[in-house]
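The following exercises are meant to be worked through with the sequence and the three-dimensional view side by side. Each task is followed by a solution in steps.

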Amino acid sequence: MQITIENLDFTYKLNTPFAMQALENINLSIAEGEFVCLIGPTGSGKSTLIQQLNGLLLPTNGKIQVEELVIMPNSKRLNALRRRVGLVFQYPENQLFEETIFADIAFGPKNLGLNAAEIEERVKKAMALVKLDYEKLKNRSPFALSGGQMRRVAIAGVLAMETKILVLDEPIAGLDPLSRNELLSAISELHEKLGITIIMISHSMDDVAKYAQRVIVMDNKRIIMDDSPREIFKNAEKLLAVGLDVPTMSKLLWELKKQGWQVKTDCLSLAEAKAEILQAVRRKKNA
Ligand code: ADP
Ligand code: MG
């Protein structure tokens, strides 16, 4: 396994009157090249969990292993870990700070000690991956861009580190539909073409249904479900009970079923749902 988490607990502000446990007994393994979506209601611990993966937060109890690197409550020297795991925060554009787009994306690779030619190569490659025009944009200020473009500059900065694992905290939050789709296609391409392991927090069940190979559901500090999207979304009641939703297509099919149509409800895509509905209509006509 590329990532293994064993018996992990995490408490914010440990040993203070403000102590707040955010993760309880997390056990999890993720294989190289998986596309995992992490879902759960607000406050369930999703962001806290992914920050453990690159050492931004250290476990209070338990351990994490990423390839051969072991992280424990008192681990130090986390640079090696950060070269394996790239973390894109929520609203990453808030962390842009350099005068040019080039300088912003080059910041990480520079800290890796690469030479100028290697850095330029990394910036070019990362910009191409998120579909930003290198020649046109490299000398412009990141702050002159649209929200969706700023987000892509921030993500390019993480991609330029060329980590084998990419973790994203609600990468499409607040973007317009066009930017969302462009960004998700870019992430999906990274997964397919480069075999990068993707771990993505998302609130859009339609996107989860479309992209995830595996869905992990969190509620109240714990992992409560871990399965393929099809199996997860069969449990509509359980998801609704913790305040989550199901994909639009599943909802439509549930409604039809309630009205007496003989349809299966676990269709994840528009195409699947359409085929299922047409079949049900035909069956009814022939009956
Ligand atoms: P999610 O990402 O699923 O919304 P979080 O991981 O952000 O959840 O939060 C989990 C719990 O930890 C919440 O109860 C939240 O209030 C608490 N929490 C998050 N960040 C901090 C912090 N810096 N200090 C104290 N408590 C925090
Ligand atoms: Mg969060």
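## Exercise 1: Two asparagines in loops

Asn15 is exposed, with a relative accessible area of 74%; exposed means over 50%, buried under 20%, and partly exposed in between, with a 1.4 Å probe and protein chains only. The model is predicted: local features need pLDDT of at least 70 and side-chain atom pairs count only at pLDDT 80 or more, while totals for chains, interfaces and linings use all residues. Residues are numbered from 1 along each chain as its sequence is written, chains are lettered from A and ligands numbered from 1 in the order in which they are written, and side-chain values use heavy atoms, with hydrogens and water left out.

Task: Determine where Asn15 is placed and what phi it has.

Solution.
Step 1. Asn15 belongs to the loop between β1 (3-12) and β2. Helices (H or I, at least four residues) and strands (E, at least two) are DSSP runs, numbered from the N terminus.
Step 2. Its phi is near 60°, a positive value in a residue other than glycine.
Step 3. Asn220 also has a positive phi, of about 50°, although it is not a glycine. Asn220 is found in the loop between β9 and β10 (222-227).

## Exercise 2: The surroundings of ligand 1

Task: Establish which residues are around ligand 1 and which element gives the largest share of the shell.

Solution.
Step 1. A residue is near a molecule or strand if one of its heavy atoms lies within 4 Å of it. The residues around ligand 1 are Tyr12, Lys13, Met20, Ala22, Pro41, Thr42, Gly43, Ser44, Gly45, Lys46, Ser47 and Thr48.
Step 2. By kind, the shell holds four nonpolar, six polar and two charged residues. Here Ala, Val, Leu, Ile, Met, Phe, Trp, Tyr, Cys and Pro count as nonpolar, Asp, Glu, Lys and Arg as charged, and the others, Gly among them, as polar.
Step 3. Polar contacts come next; such a contact is a pair of N or O atoms within 3.5 Å, and within protein one must be able to donate a hydrogen and the other to accept it, while residues adjacent in sequence count only if both atoms are side-chain atoms. An N or O atom in the side chain of Lys13 is 3.1 Å from a nitrogen atom of ligand 1. For oxygen atoms of ligand 1, the distance is 2.8 Å to a polar side-chain atom of Ser47 and 2.4 Å to an N or O atom in the side chain of Thr48.
Step 4. Ligand 1 taken alone exposes 560 Å², of which the protein buries 65%; the areas come from the Shrake-Rupley method with a 1.4 Å probe, and for residues only the protein chains shown count as cover.
Step 5. Two or more residues of the shell come from each of β2 (20-30) and α1 (46-53). The largest share, three residues, belongs to α1.

## Exercise 3: An enclosed strand

Task: Explain why strand β3 (residues 35-39) is largely enclosed, and identify the residue of β8 that stands opposite Cys37.

Solution.
Step 1. Five of the five residues of β3 are buried, so the strand is largely enclosed by the rest of the structure.
Step 2. Phe35, Cys37 and Ile39 point one way from β3, and Val36 and Leu38 point the other way.
Step 3. Two strands pair if DSSP finds at least two bridges between them. Four bridges join β3 in the parallel sense to strand β8 (residues 197-201), where Met200 stands opposite Cys37.
Step 4. β3 also runs parallel to strand β9 (residues 214-219), again over four bridges. There, Arg214 is the bridge partner of Val36.

## Exercise 4: An open sheet

Task: Give the strand order of the open sheet that contains β4, and state which strands stand at its edges.

Solution.
Step 1. Four strands form this open sheet in the order β2-β1-β4-β5, with antiparallel pairing.
Step 2. The edges are β2 and β5 (69-71); each has a single partner strand, so one side of each is left without a neighbour in the sheet.
Step 3. Strand β4 (residues 61-66) pairs with β5 over three antiparallel bridges, and Gln65 stands opposite Val70 in β5.

## Exercise 5: A buried histidine

Task: Decide whether His191 is buried or exposed, and find what its side chain reaches.

Solution.
Step 1. His191 lies in helix α7 (residues 177-194).
Step 2. With a relative accessible area of 11%, His191 is buried.
Step 3. Its side chain reaches the backbone oxygen of Gly33 at 2.7 Å.
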